[in-house]
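Got your viewer open? Here is a short walk through the model, one selection at a time.

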Amino acid sequence: MKNRISYSLKVKPFLKWAGGKSQLLGQFQDYYPSELKTGKITKYFEPFLGGGAVFLDVVQKFSIESASLNDINEELILAYKVIQRNPETLIEFLYKYAKQYFNLSEEERKSYFYEIRTNLNFQRFQINHKKYSENWIPRAAQLIFLNKTCFNGLFRLNKKGEFNVPFGKYVNPKILDEENILALSKILQIAEINAGNFYSTENNIDENSFVYFDPPYRPISKTSSFTSYSKYSFNDPEQIKLGKYFAKLNGEKNAKLMLSNSDPTNENSNDTFFDDLFDGFNINKVNANRMINCNGNNRGQISELLITNYEVRNEKHRLHSC
Ligand SMILES: C[S@@+](CC[C@H](N)C(=O)[O-])C[C@H]1O[C@@H](n2cnc3c(N)ncnc32)[C@H](O)[C@@H]1O
């Protein structure tokens, strides 16, 4: 394979992220376009980046020369940019937070957590998210610290843009993963990283491109409505806009496109929302261990959709297609 960068470490997402795809990578690999293997695809695009599990999988396996990474969450993008540009200073801040934190009793750790959370929220008016500066570095460290020590390792902002997840009481959270940050920083040297809406990544997509869309899930039941990762919501009109954008790219760009979402037929076999929206594309199903209801009664193997604008070569998987 040409130009393949070799990484000695298996680099993983630096944050825990709602809707993260790490658990599904084993299944997703069978649906990647075959042009990744032949080396024809050299450009990677991910408009809903989140923790970037699929990006990291693809970039460490195939000959990707450039990547365009995007997410609407400015705080997340701020942290990626800091890792890209100033990993060493970021590590120094995280080292300091970790050292202070582990020297405290449980009660004191809780207060320390809320102190950092208040500081992060207060500082948001001082930060210019459009222009990289030195004060992004401690902020990225605070975001990582909070993600590692908060309840369920989540990153959630309320409508005002405040981080509002409570303290998590973990015994030994990995606040600093130095090796992973340094290796991720190396990988990110091939990436252009932007904060914006999913349709702002269109430039440069061509026949050598693979675009993976992982929008917030469409809720599969009326009760499970966790689609708000930030102050921005992603409702059915947004899903429809994305479906139209997928069709537009398919018509204009000759790129390989893949999109994941929840499968509404888990809950209601008559719900044809995605069959209608992606009519004419390949709608595959993969198994996901995810709660079907927020009350947790109905846990188990439910399916998720993986929609592609190309045939999945493997016969085994064609059988599972809709
Ligand atoms: C399901 S998550 C992506 C998870 C990711 N694949 C991973 O493995 O961690 C969806 C992401 O879309 C972002 N998002 C929500 N609305 C968006 C929009 N209109 N444009 C771009 N990104 C958006 C959220 O901030 C969130 O990070």
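How are H5 and H8 oriented to each other, roughly parallel or roughly antiparallel? Before you pick anything, keep in mind that this is a predicted model. Now select residues 87-102 for helix H5 and residues 178-187 for helix H8. Their axes lie 10 Å apart, and the packing angle is about 160 degrees. Angles over 145 degrees count as roughly antiparallel, so H5 and H8 are roughly antiparallel to each other.

**Stop 1: where H5 meets H8**

Stay with this pair and show the side chains. On the H5 side, pick Pro87, Leu90 and Ile91; they meet Glu178, Ile181, Leu182 and Ser185 in H8. Sorted by class, that contact has five nonpolar residues, one polar and one charged. If you turn the view to look at the crossing, H5 passes H8 in a right-handed way.

**Stop 2: from H5 over to H7**

Keep H5 on screen and add helix H7, residues 136-149. Here the two axes come within 9 Å of each other and cross at roughly 50 degrees. That makes H5 oblique to H7. The crossing of H5 over H7 is right-handed.

Which residues of H5 should you light up for this one? Go for Thr89, Leu90, Phe93, Leu94 and Tyr97. Across from them in H7, color Ile137, Pro138, Ala140, Ala141, Ile144 and Phe145. This contact has ten nonpolar residues, one polar and no charged ones. You may recognize Leu90: it is listed in the contact with H8 and again in the contact with H7.

**Stop 3: H6 against H7**

Hide H5 for a moment and select helix H6, residues 106-123. The axes of H6 and H7 come within 10 Å and cross at roughly 135 degrees. H6 is therefore oblique to H7. Handedness flips to look for here: H6 passes H7 in a left-handed crossing. From H6, pick Phe113, Ile116, Arg117, Asn119, Leu120 and Gln123; from H7, pick Arg139, Gln142, Leu143, Phe145, Leu146 and Thr149. By class, you are looking at six nonpolar, four polar and two charged residues. Phe145 of H7 is part of this contact and also of the one with H5.

**Stop 4: the loop before H5**

Bring H5 back and click on asparagine 86, which sits in the loop between helix H4 (74-85) and H5. Is asparagine 86 buried, exposed or partly exposed? With 18 other C-beta atoms within 10 Å, it is partly exposed. Now draw a distance from its C-alpha atom to that of tryptophan 136: 9.8 Å, although the two are 50 residues apart along the chain.

**Stop 5: two unusual phi angles**

Move on to the loop between H7 and H8, where you will find asparagine 152 and lysine 169. Why bother with their backbone angles? Because most residues other than glycine have a negative phi. Asparagine 152 has a positive phi of about 65 degrees, and lysine 169 has a positive one near 55 degrees. For their surroundings, asparagine 152 is exposed, with 10 other C-beta atoms within 10 Å, whereas lysine 169 is partly exposed, with 13.

**Stop 6: tyrosine 212**

Next, select strand E4, residues 209-213, and find tyrosine 212 in it. This residue is buried, since 23 other C-beta atoms lie within 10 Å. Leaving out residues up to four places away in sequence, tyrosine 212 touches Glu46, Val54 and Met258. Then look for tyrosine 44: the two tyrosines are 168 residues apart in sequence, but their C-alpha atoms are 8.0 Å apart in space.

**Stop 7: around the ligand**

Which residues are closest to the ligand? Select Gly19, Phe48, Gly50, Gly51 and Ala53 to see them. They belong to a set of 23 residues that surround the ligand. That shell has 13 nonpolar, seven polar and three charged residues.

**Last stop: the whole chain**

Zoom out and show everything. The protein chain has eleven helices and seven strands. Of its 322 residues, 36% are buried. Among contacts with a separation of 6 or more, 73% are between residues 24 or more positions apart.

Note on methods: Residues are numbered from 1 along each chain as its sequence is written. This is a predicted model: local features need pLDDT of at least 70, side-chain atom pairs count only at pLDDT 80 or more; totals for chains, interfaces and linings use all residues. Axes are lines fitted to C-alpha atoms, for helices over the stretch in contact, and angles run from 0 to 180 degrees between N-to-C directions. Helices (H or I, at least four residues) and strands (E, at least two) are DSSP runs, numbered from the N terminus. Angles under 35 degrees count as roughly parallel, over 145 as roughly antiparallel, 65 to 115 as roughly perpendicular and the rest as oblique. A crossing is left-handed if the near helix is turned anticlockwise from the far one by less than a right angle, and right-handed if clockwise. Two residues are in contact if their C-beta atoms, placed from the backbone, lie within 7 Å. Ala, Val, Leu, Ile, Met, Phe, Trp, Tyr, Cys and Pro count as nonpolar, Asp, Glu, Lys and Arg as charged, and the others, Gly among them, as polar. A residue is near a molecule or strand if its C-beta atom, placed from the backbone, lies within 6 Å of it. A residue is buried if 20 or more other C-beta atoms lie within 10 Å of its own, exposed if 12 or fewer, and partly exposed in between; C-beta atoms are placed from the backbone.
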